[in-house]
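The following exercises are to be worked with the sequence and the three-dimensional view at hand. Each task is followed by a solution that proceeds step by step.

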Amino acid sequence: MLTSIAKSLRGGSHLRPAFAISHTARYLSSEQETFISIDRSNLYQSKDVPNQSSKPAVKEPETEMARHLKSIIQFRGGPITLAEYMSEALTNTTSGYYTRRDVFGTAGDFTTSPEISQMYGEMIGIWCVAMWQQLESQIKGPRPAALRLVELGPGRGTLMADLLRGTSAFPSFASKLSVAMVEVSPALRKMQWKALGCQGDCPEDNHPTSPITGTTAAAGIQVTWYRSLEGHRGWCERLVDVAPPESPYHFRMVLSPGPTPASRTLLPLRFKGLSITQRAALNAIEICPQGMATAEALGRRVSAHGGAALLIDYGQNGPYQSSLQAIKDHKFVGLFNSPGDADLSAWVDFGALKTSVESSGAEVKVHGPISQMHLLHSLGIQARLQQLVDNSSTEEEAEGLIKGYWRLVGSTSSRKKDGVPGGGGGGAREKDGEKKELNPGSENNDAVTTGNEDSLDGMGETYQAICIAPVLQKENNDAAAVEFVPVSF
């Protein structure tokens, strides 16, 4: 969740926006809650403060969530944090974006990697098996009888379903496995229940503080759902306030009169991993304390209990100045457009996650980040693509598999980059005794009709991965890229 903050370099009321802070909802809802009422007379509305784009000619319709947020702001007597705005708009139990409907796929607002191709979940399954084998090789004495696989934000359950199907080829791994799904949306939990082939009806969420009753998936694996893991005016937080009547939107960004508890607490944590030169060059920065806290908790858990964690998302190994955006119907919309009906998303600062883990004192090592292209290639996705294409029954099916492959590993210039397969590496299919090449990069390819290859919108470079793993006796250069022999699924 994000909190937006700006830095004032001069006295008086002239505030220059300087950074957006990502603020965890838990920070404002600790055991002793404190609500701060802010006098709007000192709030500054700057043209430079990211607010909204594509202004409609008239005020947009008011959603149920917009009415709810207005009531909160009016009850508090002042603006709320961006973190609280995001938390309510996305996960409110009655009118939040993720809690009411299916938001994925062509009928939703965006498409995730697991929805593009079954190979994605299968490759992540291979990573799990390889990491499990590597970790077990370090154990002296009896090996654990159980293995727990936890997915945070499982979406429709597609990744886990593909993973379980693929790893069933490794009985020694699958026989020890149990699954935990961390999901806040009742609607998505029902989809996950169905995707995993669980018997009966998904139970209602009647006890918000306890896990939902576990069940058994079609693969015979135990699955449990959870809701969470556990003189100089300085930096001024960007807050969300009700927009004036003349605005076409219902909300606007404003700046706090001075530093807030969020800026005083979170800036030192993030700056710890940046050099003096990097700090001085920043005009803006986004910080995600919820992500940092989760990474730290995962590091401590791996250190104390063993195992490993793999984190994949779009992002970079460093801070962003302003990446928060709203998405609806597969398009970017104004940040305050249709709250509750549009997704809110920010890019991941993997450098902040690494710093949090490394500063925690946990006896673990953070590997990466590496690109999703590098990760999937190192796990053998090319061999899996070839196998699927060879077994495809039609040209259309083979073409779909190849398109899915390039969506996962490609980029607008990926055909020319090192490490991306060419020729037969892109897949080929046996036809009438002749092996037909189905490589999207091939000039003589009458089976693939993609037209503009760049339209495939590859995720191979924009998506990054890091691995949190124990300090092994014999470390590889990168534990997220484990060499293995491709197997039959």
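**Exercise 1. The surroundings of a helix**

Determine which elements cover the buried residues of α6, and which residues of α6 are buried.

Solution. The model is a predicted one.
- Step 1: The cover of the buried residues of α6 includes α4 (113–116), α5, β4 (147–152), α7 (171–174) and β5.
- Step 2: A residue counts as buried when its relative accessible area is under 20%. Eight of the 10 residues of α6 are buried, and the helix is therefore mostly covered.
- Step 3: The buried residues are Thr-158, Leu-159, Met-160, Asp-162, Leu-163, Leu-164, Gly-166 and Thr-167.
- Step 4: Leu-163 may serve as an example. With its neighbours within four places in sequence left aside, Leu-163 is in contact with Gly-121, Ile-124, Gly-125, Cys-128 and Leu-149.

**Exercise 2. The nonpolar cores**

State which residues of the largest nonpolar core touch the most other members, and which element gives the largest share of this core.

Solution.
- Step 1: The largest nonpolar core has 53 residues, and those touching the most other members are Met-160, Leu-163, Leu-164, Leu-196, Ile-381 and Val-409.
- Step 2: Two or more residues each are given to this core by α5 (118–136), α6 (158–167), β5 (177–182), β7 (222–226), α13 (372–378), α14 (381–390), α15 (395–409) and β18 (463–470).
- Step 3: The largest share, 11 residues, is that of α5.
- Step 4: A second core of 22 residues is separate from this one; Ala-66, Tyr-97, Leu-324 and Leu-344 are among its members.

**Exercise 3. Salt bridges**

State how many salt bridges the structure holds. Then locate the partners of Arg-156, Glu-136 and Arg-300.

Solution.
- Step 1: The structure holds 11 salt bridges.
- Step 2: Arg-156 pairs with Glu-115, at 3.2 Å from N to O. Arg-156 lies in the loop between β4 and α6, while Glu-115 lies in helix α4, 41 residues apart, and the pair links distant parts of the chain. Arg-156 is partly exposed at 22% relative accessible area, and Glu-115 is partly exposed at 24%.
- Step 3: Glu-136 pairs with Lys-176, at 3.3 Å from N to O. This pair also links distant parts of the chain: Glu-136 belongs to helix α5 and Lys-176 to the loop between α7 and β5, 40 residues apart. Glu-136 is buried at 8%, whereas Lys-176 is partly exposed at 21%.
- Step 4: Arg-300 pairs with Glu-296, the closest N and O atoms being 3.1 Å apart. Because the two residues are four residues apart in helix α11 (residues 289–305), about one helical turn separates them.
- Step 5: A network of salt bridges links Glu-122, Asp-162, Arg-165 and Arg-384.

**Exercise 4. Backbone exceptions**

Identify which residues are joined by a cis peptide bond, and state where His-330 and Ser-338 are found.

Solution.
- Step 1: Most residues other than glycine have a negative phi, and most peptide bonds are trans.
- Step 2: Gly-368 and Pro-369 are joined by a cis peptide bond, with omega about 10 degrees. Pro-369 is in strand β15 (residues 364–371).
- Step 3: His-330, although not a glycine, has a positive phi of about 65 degrees. Its place is in the loop between β11 (325–328) and β12 (331–333), and His-330 is partly exposed at 39% relative accessibility.
- Step 4: Ser-338, also not a glycine, has a positive phi of about 45 degrees. Ser-338 is located in the loop between β12 and β13 (343–345) and is buried, with a relative accessible area of 16%.

Technical notes: Residues numbered from 1 in each chain as written. Predicted model: local features only at pLDDT ≥ 70, side-chain atom pairs only at ≥ 80, totals over all residues. Heavy atoms only, no water. Core = buried A, V, L, I, M, F, W, Y, C linked by side-chain atoms within 4.5 Å. Buried < 20%, exposed > 50% of the residue type's maximum accessible area, 1.4 Å probe, protein only. Contact = heavy atoms within 4.5 Å. Salt bridge = Lys/Arg side-chain N within 4 Å of Asp/Glu carboxyl O.
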